[in-house]
Amino acid sequence: MTSQDALDQLAAAIRACRKCPLGRLRTHAVPGEGPVHAEIMFIGEAPGYYEDRQGRPFVGASGKLLEKLLADIGFTREDVYITNVVKCRPPANRDPLPSEIETCAPWLHRQIALIDPLLIITLGRFSMAQFFPPSARITRVHGQPLMQEDRIIIPMFHPAAALRNPNWMQAMEADFAQIPALLAAMRVKRAARDQDASPPQQLSLF
Ligand code: URA
């Protein structure tokens with residue numbers, strides 16, 4: 001089975017999921033979208049009204065801002081994988097409950113394992129909480145990369161928060177501006193890892 005098949009199967013399983021009450025309230029589950037070998041993965045909070053109607057992530061006002069911030073650094077949304085911690089819309093866009101996050105998060109972690117991105121960018125506090133300790137405050141740690149063995153996690157404000165607060169918009173633009181350099185550094189690190197993992201080349205006798 002190819003990685004694309006595995007990602008498609010995962011999306012189908014997410015669309016059929018009824019593990020928590022949100023599964024009965026949604027119009028569409030929103031597994032996420034983007035290339036299976038995306039180098040960058042964005043993780044938001046949960047689908048909103050428009051995402052629930054269309055079954056696609058970040059298609060409303062937050063999505064428009066995300067696309068603009070990506071364009072500023074030379075990317076389009078088709079270049080990256082976009083998903084959420086919770087795959088179904090909480091009623092009236094309320095915060096997802098801890099039980100909903102706990103039930104849904106394994107889908108996200110299977111997506112991460114399959115896509116194996118170089119950079120993960122968390123958007124907002126619920127997404128940040130998947131990777132950072134509960135004491136982490138987004139106002140303090142946004143834009144500070146967490147270096148892991150195989151990838152970098154960068155916490156950022158949620159686009160909806162940046163749309164409400166001009167200071168956070170500025171912070172988000174500055175945080176996005178770091179992405180190309182961090183991606184380049186991680187490409188070098190990953191290439192070295194892949195080379196170490198490849199079988200030794202037979203030395204030519206001549
Ligand atoms: N906000 C999110 O966190 N995710 C979406 O998909 C849309 C809005």
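**A tour of the ligand site and the enclosed cavity**

Begin by selecting the ligand, around which stand Gly 44, Glu 45, Ala 46, Glu 51, Pro 57, Phe 58, Asn 84 and His 158, each with a heavy atom within 4 Å of it. The model is predicted, so that local features need pLDDT of at least 70 and side-chain atom pairs pLDDT 80 or more, while totals for chains, interfaces and linings use all residues. Residues are numbered from 1 along each chain as its sequence is written, and side-chain values use heavy atoms, with hydrogens and water left out.

Next, display the polar contacts (pairs of N or O atoms within 3.5 Å). An oxygen atom of the ligand lies 2.8 Å from a backbone N or O atom of Glu 45, and a nitrogen atom of the ligand is 3.1 Å from a polar backbone atom of Ala 46. Then select His 158, where a polar side-chain atom lies 2.8 Å from an oxygen atom of the ligand. Taken alone, the ligand exposes 240 Å², of which the protein buries 91% (Shrake-Rupley method, 1.4 Å probe).

Now turn to the largest cavity, a set of points on a 1 Å grid over the protein atoms alone where a 1.4 Å probe fits but cannot get out. This cavity holds about 110 Å³ of space. To find it, select Cys 17, Cys 20, Cys 88, Cys 104 and Trp 107, which lie nearest its centre among 15 lining residues (those with an atom within 4 Å of a point). Finally, colour α5 (98-115), which like α2 (22-25) supplies at least two residues of this lining; the share from α5, four residues, is the largest.

Terms used:
Polar contact = N/O pair within 3.5 Å; in protein donor to acceptor, adjacent residues only side chain to side chain. 1 Å grid on protein atoms, 1.4 Å probe; cavity = no way out; pocket = protein on both sides within 12 Å on 5 of 7 lines; lining within 4 Å. Points joined across faces, edges and corners; volume = space filled by probe spheres on them.
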